[in-house]
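Work through the following exercises with the sequence and the coordinates at hand, and compare each step with the solution beneath it.

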Amino acid sequence: MITVVIISFYSRHHVLDRIKEIGNRVPVIIVENSQDFELKKNLESLYPNVKVLIPEKNLGWGTAVNFAIKETNSDYIYLIQPDTILLDNCINKLIDCISEFKDFVFNSPVSQIASELMSAKKVNLLMDNWFLREAGAKSSTPFHHDISYFDVDGTICILWLPLEPTGKDEGVAWVKGSHLWNKIFLRVRFTDGHKVEGKESIINGKKYEGPPDILGNKDKYEFLKWDCELGDCVMFDIRTLHGTLNSSIPKKTLSRYTLRVAKEDTKIEYVGDWTSYTYRKAMQDAGYKNGDKLGGVMFPQLWPKNN
């Protein structure tokens with residue numbers, strides 16, 4: 001099952017439009033940060049699949065997302081902005097394509113390729129994501145490396161797969177050799193002005209430091225970026241810094257799929273509060289403890305294939 005999550009702040013008009021577009025096929029959770037009780041009453045009386053949560057204060061965007069996710073047991077969350085126009089029955093299309101993503105994860109050659117790149121005897125799933133950047137969007141991807149977003153440590157490979165032809169200045173750029181710096185940088189938010197989360201510290205013997213100012217010192221780094229056609233992909237180490245290098249606003253909607261897979265040396269390592277709270281809680285609720293190797297329901301083995 002998939003649940004749609006919307007974070008609202010004085011967005012009544014947009015929220016009403018989104019609910020009309022979504023219909024009643026899937027559950028919808030709205031966090032109403034501006035305490036619009038009339039909106040809650042109207043929506044919940046008209047749409048049995050809609051639940052409106054009104055916190056005691058404005059939680060902001062990130063905390064509100066976690067607040068909403070705690071209220072659902074769905075396997076998938078579709079997070080949208082109130083002003084995101086849902087065209088062409090896209091919710092139903094998304095539901096229909098979930099099985100295609102699952103088939104890709106378990107049956108494509110990606111895990112075997114990753115095993116060769118990582119010299120791995122075994123490869124497990126860590127996480128996959130589908131991202132969308134709408135035409136005209138002013139948002140961008142901050143320079144970051146993914147290792148700071150997860151409570152794991154080990155050898156991990158990431159697949160970056162554009163889902164439509166993407167020019168080298170439309171996608172992300174990678175900082176060449178940054179995975180070899182032997183540094184761990186704090187997590188950077190993709191919203192809220194790319195705020196850095198947490199403070200420089202040493203946890204489990206590892207130093208977490210503020211990310212470098214890549215955009216302000218472009219001449220100090222060598223960047224890798226490519227024009228990608230359908231079927232092209234990039235695979236890179238989870239410690240590689242990457243982000244949006246150009247400030248241009250996309251003229252077309254861009255989407256990409258990312259898949260993170262791990263070598264057998266990867267273990268659970270709960271770290272700072274800047275990692276994903278929801279993801280960490282799900283791991284803890286599933287019984288994963290510090291030092292555990294990946295496996296089980298959340299991190300199934302992808303290679304070698306289990307027949």
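**Exercise 1.** Determine which residues of strand 7 are buried on each of its two faces.

*Solution.* Start from the conventions: the model is predicted, with local features requiring pLDDT of at least 70, side-chain atom pairs counting only at pLDDT 80 or more, and totals for chains, interfaces and linings using all residues. Residues are numbered from 1 along each chain as its sequence is written, and side-chain values use heavy atoms, with hydrogens and water left out. Strands (E, at least two residues) and helices (H or I, at least four) are DSSP runs numbered from the N terminus, while buried means under 20% relative accessible area, exposed over 50%, and partly exposed in between, for a 1.4 Å probe and protein chains only. Strand 7 spans residues 156-162, and seven of its seven residues are buried. On one side these are I156, I158, W160 and P162, and on the other C157, L159 and L161, which leaves both faces covered.

**Exercise 2.** Identify the pairing of strand 7 with strand 15 and with strand 13.

*Solution.* Two strands pair if DSSP finds at least two bridges between them. Strand 15 (residues 254-263) pairs with strand 7 in the antiparallel sense over seven bridges, and within strand 15 it is R256 that is the bridge partner of P162. Strand 13 (residues 234-237) is likewise antiparallel to strand 7, with four bridges, and here V234 stands opposite W160.

**Exercise 3.** Classify the ring pair formed by F104 and Y257, and state how far apart in sequence the parts are that the pair ties together.

*Solution.* Rings of Phe, Tyr and Trp (its six-membered ring) pair if their centres lie within 6.5 Å, and planes under 30 degrees apart count as stacked, over 60 as edge-to-face and the rest as tilted. A search of the whole structure gives twelve aromatic pairs. For F104 and Y257 the centres are 5.7 Å apart and the planes stand at 85°, so the pair is edge-to-face. Because F104 belongs to helix 4 (residues 90-107) and Y257 to strand 15, the pair ties together parts that are 153 residues apart in sequence. As for accessibility, F104 is partly exposed at 24%, whereas Y257 is buried at 2%.

**Exercise 4.** Find the ring over which the charged end of R256 sits.

*Solution.* The criterion requires NZ of Lys or CZ of Arg within 6 Å of the ring centre and within 35 degrees of the ring normal. The charged end of R256 sits over the ring of F131, 4.5 Å from its centre.
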